[in-house]
Amino acid sequence: MSVEQKQARTSGQGTAGESRSDPWRLTQRAFDAECAARDETLFALANGTLGVRGALEEDDSPSDGTFLSSVFEQNPIHYHERFPGFTRSTDTRVPVAEGKHLRLQLGDTPLRLQEAEWLDFERTLDLAAGALERRLRLKTAQGHTLEIRARRVVPLAERALLAIRFEVASIDYAGPLTLCSSIETGRQAVEQGDDPRIGVHGGKELHVADEHADAEGARLTQRTHHSGVALVCAQQHRLSPGLAFTVAQAGNGRVEQRFGATLTPGTSVVIEKYVAYDGNGQAQDSVDAVLTRALRDGFDGIAAAQADALHAFWQRAGLSVEGDAAAELALRFNLFHLLQSAGRDGINGTAAKGITGEGYEGHCFWDTEAFVLPVMAFTAPDVARAMLMYRFRTLDGARDTARAMNHPRGALYPWRTIAGRECSAHYPSGSAAYHINAAIAYGIGLYLDASDDLDFLSEAGAEILFETARIWPQAGHFNPRLDGAFCIHEVTGPDEYTTLVNNNWYTNRMAQRHLQRAVAAWARLSADRPDALRALANRIGLEADEVALWQRAADAMHLPVDEALGIHPQDDDFLAKPRWPFPRREGPHRPLLLDYHPLTLYRHQVCKQADVVMAMVLAGDGVDLGAKRRDFDYYDAVTTHDSTLSAPVYGILASEVGQDDKAWDYFDASLRVDLDDLHGNTDHGVHMAAMAGSWLGLVQGFGGLRIVAGRLQFAPTLPKAWEGYGFNLRWRGCALRVDVDARGARYRLDEGDALAFGHAGSEVMLKAGREVALPLAVPSPPKMPLPRACDALIFDLDGVLTDTAHTHYRAWKRLADEIGVPFDLQVNERLKGVDRMASLEIILGRATRTYSNDEKRALADTKNGYYVQEIAHVGPQDLFDGVSEVLDAARAAGLKLGLASASRNAPALLQKLGIADRFDYIADAGSIVRAKPDPAIFLDVAAALGVPAHRCIGVEDAAAGIEAIHAAGMAAIGIGDARALRHADAVIPHINTFDLRMFVSP
C-alpha cells in the first residue's frame, strides 16, 4: 500500500518515492485487500447524521457499511445473576440500507473486480473540499479496458444525503454497458468476539417493511425489531446523454434501477446518484424534499456548496506545520473527521467511533465532552452547542439512571449510551464511573467560557449542571475521621484498570470543579436571568440551601498529597499495591484487558490510561509545577496507554513540565492512531477522542493553552522536529491566530474589537487587526525535592563509578562488524543505561534482515563474551577518583548503599574494582524484566535495602536512568553534561565533586 501520510517526518517523501505530499489530500495509490476495512474507515464521509464508509461503489465488501446516528437496535442483556439497578438491555447502532452501489455489466457479463487486472488506482480524501475522489483503470477477465472515475460527497448542509458522480470510460471496449444502481439491506452488526472494543452481535437485520422501484426512483423502508426506529432510504439519478433507464426491480431486501448505454473506445457515460435517508419516521416527505433539492442543484452544485462550507470551516479552524508535511496532513485529517462525525443537530450524540464504523456499538462516552467538545468549542462553537444539547435532550435518561442507582434526586449520565439509557453491563468500569457527570459539566463550563452563551445556560446548561451536581452529596459525605473532608467512595476514575475505589483523585478534583460551576451558574442566573432561574428552580425543586451545600462540599473536597512521594495518590489504596509484575509485551500493541482477568489488573499498580495526569491537564491550575512533574514521572511508569485517550494527555502534561522528548513521542502517538492503525482496531471506526487529542496536543501541549478563571493563557514551545506551527481559535466572538517558530510567538486578532490573554506569565491586550510578537516560554524543568532525610544512595555503575562505556563500544562494534550492521559512536550514545537485549535491538534496527529470538540471544551472548575478554584486565586503578571517598562518607553517615546497573557483569566488575563489599545490595540485572527507563531495577534495590523509595537518592549518568529514578519516586543526581541530564534534580560534572552535605542533612 502506498499512502502519502506514511512518509519520512521531515523529507515529505512518500514510502514509494512519490513527490512531496499535498497536506490537504490523503491519497492512496495502491489497493491492499488485507487493509480494506481499515481504509474504508479512513476514507469514510459523514455529516453528523449519516456516515458512509469508503468502499468502492462497484465492489462488494464484507466490511463496508452505512450508518445513521439515530438508527439503533435494542438487544437484551442476559445475566446469570442480576441485581437491582443492572441495566436490562443495550442499544447497538446497526448498518442501514446500503445505497452507494453502482455495479457494472458488459453485455451479459457482470464486472467482478477480484477477477480483473487493476492497471492503475488512486483514492483521495480531499480535506479542503470535503469530498472523496477515486480513479480505477482495469482490464476485465475478457480483456476489455475501462476507466472508472467517482466522486462522492456527504454534504454538511443536508441532514442525510449521499451524492455520487460516477463515470465509466471505455479505453478499448465496444458494446453494451449496464449500470445497476441499487439500495440493499445492510448487513448485521459485527460479532464482538473477545474484544469489547468492537460491540455485541446486533441480532437480526433490520426488518424490510416496503420495497419499490420504477423509472423515477427506488425506495426501501426498514424497521428495527425492538427499538421502534423506522428508516426510509430512497434514490434518484441524473443521466448523461447516451444513458437511459431500462428496467427496475424490487424484492428480497433489494431495490434496483438499471440504466443502459453503448460504449465505444474513447467514449464515456456519467450517472449522478442521490441517496436520501430518514430515520425519524417522517420519511416520505423528508427524503422526497431532499432528493428534489439534490436534483435541482446537481452534483456540481452540491459539491461546490460542500467546498464552500469546508472553506469557511478551515478559515475559522486553520492550522499549519512548517517542516513536517506529514504531521500537517495528519492534523487536518483528524480535525476533518471530528467535524464530520460530531453530532451537529442537537438530537444525536457524538460516538466514540464517530459514524465511521461499529466500534463500541456506536455508543457515546464521557470522552465526547473531555476531548471532542473542547476542539469544537474553539473551532466550531455551533457544533459544540449542539453536542451539549444532545446531553440536554437525554437528561431524562440520566435521571432514570440516577434512580436505578438509588439516588432519589438528580441525574447521573450513563457510561455508554445512544438514546440516553445506560448500555453497559459491567458496572465496575461502567456505572461506577461517576466522573462522567463531571466531564459533561467540564464541557459545559468550557463552552460557556469560550462563548458566554447566556441563552444556552438559562435554557439548558444550568439544568444539566444543577441536576448532575445533586449527585455528589449523595455519592459522598463529610468524613469526621478526616476532619470533615468531603470524600467520595466506591467510584471508578478514567483508569479502568482500577475500579470501585475511595477518593479517586481525578473524580474528586473534577467533582469539585463541577460543584463550583453549578454554584457559579446559580449566581450568574440570579443576577442576569432571575425569572428563568426561578422557573427552573421551581420545576426541579432546587433551593438556595442545596446550592450552599454544593459550595461546602467543593471547599472541603478531599484532595490529598502523598507526603512521602510528593505526588497525588490516584486513590486511597493505589500506592499501597505492588507494581505490575509481568514483562512488557513485544510486537503490536495489545491491551492487557484482552488477556488478564480484571481482578489481576485491580490488584496492582497498573493504569490503562491517564487518571491523575488527566486531572492535572483538565483542572491543574493552582497545582505546583514540581508536583505535576512528580505526578507525570510516577504515573508514566505504571501506565500501559492501552487506551487511545492516554497518550495525548500525557503529551500535554509532558510539554508543561519540560519533558520535551516525551511530549513529542506522545503527541506523535496520538496523531497517527488511525492513520497507522496503532491499536489494531481502526477497521471498526476512527478514534474520535484520539483525533481530538492530537489537536489538543498541538494547542494545549505545544501551544500551552489553558483556561484559568475563564481566561485564555498560552505558554508556547517549539518541538525540535518542526520549524514552526500555527492555529486559529474562536473565543467569545473573536478570531485569534497564533503562530510559533524559533523567533517566538505571534498573536493576531482577525475578528473582534479586543482580546486580553496571558502569555508565559505576562498579560497581553490585542486590538482588532493588530499583531504582537513575544518570546517563547522557556521554563526550566521542575525538580524533585532532594530528600534531606535520606537513608540510601543507589548508584549506576558505568559512567558513575568507572568508565567501561568504551569497552562496551568495542565489544558491540566487533559484533556489528561481524554481522555487517553499521555501528558508530553516535548509535552507541543511545545504548547508555540500556540493558544488553535492548541495546541489541537498537543496533539491529539498522540490519538488512530480521533475526529470530534464538539468533538474538546468541548474538547477545557473543557480545558478552567479547566484553568479558575486554574487562579481564580491569582493576582498582580503573575506579574513578573520589568514589572511595563518597562511599566512605555515605557509610559514615549511616546510609545504605545499592547498585542498580543494567549490566549482568556488574558483580564481577565490582570485584575487579575492589569495591564489591562496600554495597549492601547489588541488583541482579538478569532478574529485571524491564530495562531502564522503567523504574523496576531501582525499586528492586530499594526493596532489598528495606528503604522506602522516597528516602533514596539515585545517581546516574544517562537520561534513561534519570527517568527511571524519577519514575521510582526517588530524587535523581546526574553526573555529566547538565544539558543532557537537564531533568535531574541536581547535576555534578564528576563523582569527585559529590559532596554528601549538599544533598543529605547530617
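The following exercises with worked solutions concern a four-stranded sheet and a helix pair in a predicted model.

Residues are numbered from 1 along each chain as its sequence is written. Because the model is predicted, local features need pLDDT of at least 70 and side-chain atom pairs count only at pLDDT 80 or more, while totals for chains, interfaces and linings use all residues, and side-chain values use heavy atoms, with hydrogens and water left out.

**Exercise 1.** Determine the order of the strands in the open sheet that contains β24, and name its edge strands.

*Solution.* Strands here are DSSP runs (E, at least two residues), numbered from the N terminus, and two strands pair if DSSP finds at least two bridges between them. Begin with β23 (residues 706-708), which pairs with β24 in the antiparallel sense over three bridges; Arg-706 has Gln-713 as its bridge partner, and Val-708 has Arg-711. The two strands form a hairpin with two residues between them, and Ala-709 in the turn has a positive phi of about 55°. Next, β24 pairs with β28 (residues 754-759) in the parallel sense over two bridges, where Gln-713 has Gly-758 as its bridge partner. The order is therefore β23-β24-β28-β29, an open sheet with mixed pairing. Its edge strands are β23 and β29 (762-767), each of which pairs on one side only.

**Exercise 2.** Work out which side chains of β24 (residues 711-714) are buried and which are not.

*Solution.* In a regular strand the side chains alternate between the two faces of the sheet. Applied to β24, Leu-712 and Phe-714 point to one face and are buried, a term that stands for under 20% relative accessible area (1.4 Å probe, protein chains only). Arg-711 and Gln-713 point to the other face and are not buried.

**Exercise 3.** Classify the packing of helix α3 (residues 325-341) against helix α18 (residues 688-702), and describe the contact.

*Solution.* Helices are DSSP runs of H or I with at least four residues. The two pack at an angle of about 130° with their axes 9 Å apart, where axes are lines fitted to C-alpha atoms over the stretch in contact and angles run from 0 to 180 degrees between N-to-C directions. Angles under 35 degrees count as roughly parallel, over 145 as roughly antiparallel, 65 to 115 as roughly perpendicular and the rest as oblique, so α3 and α18 are oblique to each other. The contact (heavy atoms within 4.5 Å) includes Phe-333 and Leu-338 of α3 and Trp-695 and Leu-698 of α18.

Technical notes
Buried < 20%, exposed > 50% of the residue type's maximum accessible area, 1.4 Å probe, protein only.
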